[in-house]
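Me: I've got a model open and a few terms I'd like unpacked. Could you take me through them?

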Amino acid sequence: MDFSKGHGTQNDFVVLPDLDVRIDLEPARVSAVCDRQRGLGADGILRVARAGALADAGVLGALPDGVAAEDWFMDYRNSDGSIAEMCGNGVRVFAHYLKASGLESKDEFVVGSRAGARPVVVHGSDATHGDVTVAMGPIKDLGTSSATIDGRVFAGVGIDVGNPHLACVDEHVTAEVLSALDLSVSPGFDPGFFPHGVNIEIVTPIHDGGVHMRVHERGVGETRSCGTGTVAAAAAALRYDGRDEGSVLVRVLGGEVQVTVEGGKGSLRGPSVLVANGTISDAWWQSLV
Ligand SMILES: N[C@@H](CCC[C@H](N)C(=O)O)C(=O)O
């Protein structure tokens, strides 16, 4: 089975081209591939197929809103094997992979996700580096809640950008305070508020047009970046600043991305890097279930 490995600001993915939808992505297989000791190592898997082929194979119950059968579809899995609705860094890597592999020749096209259509613009790409903007869709306010890290409570705002986030902007949080946080343990959150789990961002207020952020992802743990999380963080930081719209440079452990919030929708521009192509052993794959 062929694979590529790539990352967007060090949120890393195994990309599995599967146009005929033959690969069985059982959670045990996904978590083995993503395991950094016994597998390839990644925060998640991106299966590459057309939306119609995934629906015909029963992977998708129905085509999500705005997604046509002939659109590309990013079938995203977290490293624990769970399915998530959206992955912002994943869409950039997915679009870059399509261009680099020759599967797509256009610079502007739609990537389908379980959260709906996510149009992309590939500003530039070669076999290794890409620069991609993703139209991230509506930003929905879920109300206020809080996260607990190491006994410290962070007030935040619940934000749905296709998947659920709790973005906590705190006046006492600086880049130095952020770097001292222990995110090796899952932060506490209100399961009544987030019955399907949540991605949690701790964010500095906006300074000189930018914020710093760390993130603990549902189904993964701490990651060095989360694209949907940067959109939630930017929206929360703008609101903290008394604004509904604006452009924010979001700095994460793995780099930086530019997020724009306008008309209740987000857009995300940032890099993608494709680092390797290879083959997964059939014997190993079969041994996993
Ligand atoms: N890293 C992703 C988000 C992946 C999904 C998330 N862990 C969830 O379960 O919602 C991103 O770049 O957005």
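Reply: Sure, here is how the terms apply to this one. It's a predicted model, where local features need pLDDT of at least 70, side-chain atom pairs count only at pLDDT 80 or more, and totals for chains, interfaces and linings use all residues. Residues are numbered from 1 along each chain as its sequence is written.

Me: What makes a residue part of the shell around the ligand?

Reply: Its C-beta atom, placed from the backbone, has to lie within 6 Å of the molecule. The ligand is surrounded by 18 residues, and the closest are Ala84, Asn89, Asn163, Gly227 and Thr228. Helix 3 (88-101) and helix 5 (227-240) each supply at least two of the shell residues; helices here are DSSP runs (H or I, at least four residues), strands likewise (E, at least two), numbered from the N terminus.

Me: Why is the big group called a nonpolar core?

Reply: Because a core is a set of buried Ala, Val, Leu, Ile, Met, Phe, Trp, Tyr and Cys residues joined through C-beta atoms within 7 Å. Buried means 20 or more other C-beta atoms within 10 Å of a residue's own. The largest such core has 74 residues, with Phe94, Val203, Ala233 and Ala234 making the most contacts inside it. Helix 5 gives the most to this core, eight residues.

Me: How do you know that this core lies between domain 1 and domain 2?

Reply: Domain 1 (2-132 + 272-286) and domain 2 (140-263) both give residues to this core, so it lies between them. The bounds come from an automatic or database domain assignment.

Note on methods
Buried ≥ 20, exposed ≤ 12 C-beta atoms within 10 Å, placed from the backbone.
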